[in-house]
Amino acid sequence: MHAPQLPSDRRFGLLFVVVFALAAGYGTYKDWSKLVVSVFALASVCFGLATLFLPKILRPLNFAWFKLGELMGRVVSPIVLGIIFYLLITPVGLIGRLLGRDELKLKRGNGETYWISRDPPGPPGDSFKNQY
């Protein structure tokens, strides 16, 4: 597995131009203080100029943003998967066990074999040659 690549500095810059412009627009709509709206607008303009003329100066910010995303993925993913497992899959399994279900047929019956006879029979055995 290879390490993921950083997005281009221009794409990173354009993302933050849009984010800061939307924040400034939302702040204007919600009647935030003029200073806060001006800071967001100025940040959008600065990122826009840097994106157009000097995208290489955005490289450290791009790298930091990328690493923050990786860190969040390493933290959030196990938490979300654990929540799904313990709140969804485990109760379904416990309820199934309480109801006596054996979906994998793990309990051996009275028969001498685990084979299940098919009716009608499946495909002939010679049809499975050269599977790979």
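In which helix is the place of serine 44? In this predicted model, serine 44 belongs to helix α2, which comprises residues 34-53. With a relative accessibility of 10%, serine 44 counts as buried, because buried residues are those under 20%. Its side chain reaches the backbone oxygen of valine 17 at 3.0 Å. When neighbours within four places in sequence are left aside, the contacts of serine 44 are Val17, Phe20 and Ala21. Valine 17 thus appears both as a contact of serine 44 and as the residue whose backbone oxygen is reached by the serine side chain.

Helix α3 spans residues 59-98. For its 40 residues, a rise of 1.5 Å a residue gives an expected span of 58 Å, and the end C-alpha atoms are 57 Å apart, in agreement with that value. Helix α3 nevertheless contains a kink of about 30°, centred on phenylalanine 85. The buried residues of α3 are Asn62, Phe66 and Gly96, and these pack against α1, residues 9-29. Just after α3, glycine 100 adopts a positive phi of about 80°.

Three salt bridges are present in the structure. One of them pairs arginine 59 with aspartate 9, with the closest N and O atoms 3.0 Å apart. Because arginine 59 lies in helix α3 and aspartate 9 in helix α1, this pair ties together parts that are 50 residues apart in sequence. The two partners fall into separate accessibility classes: arginine 59 is partly exposed, with a relative accessible area of 45%, whereas aspartate 9, at 8% relative accessibility, is buried. Helices α1 and α3 are therefore linked by this salt bridge, and the buried residues of α3 also pack against α1.

Within helix α3, lysine 67 forms a salt bridge with glutamate 70, and the closest N and O atoms are 3.1 Å apart. Lysine 67 and glutamate 70 are three residues apart in this helix, so about one helical turn separates them. Both residues are partly exposed: lysine 67 has a relative accessibility of 39%, and glutamate 70 has one of 24%. A further salt bridge joins arginine 101 to glutamate 103, for which the closest N and O atoms lie 2.3 Å apart. Arginine 101 and glutamate 103 are each exposed.

Definitions and conventions. Residues numbered from 1 in each chain as written. Predicted model: local features only at pLDDT ≥ 70, side-chain atom pairs only at ≥ 80, totals over all residues. Heavy atoms only, no water. Helix = DSSP H or I, 4+ residues; strand = E, 2+ residues; numbered from the N terminus. Buried < 20%, exposed > 50% of the residue type's maximum accessible area, 1.4 Å probe, protein only. Polar contact = N/O pair within 3.5 Å; in protein donor to acceptor, adjacent residues only side chain to side chain. Contact = heavy atoms within 4.5 Å. Expected span 1.5 Å × (residues − 1). Bend = angle between axes of the 7 residues up to and from the residue. Salt bridge = Lys/Arg side-chain N within 4 Å of Asp/Glu carboxyl O.
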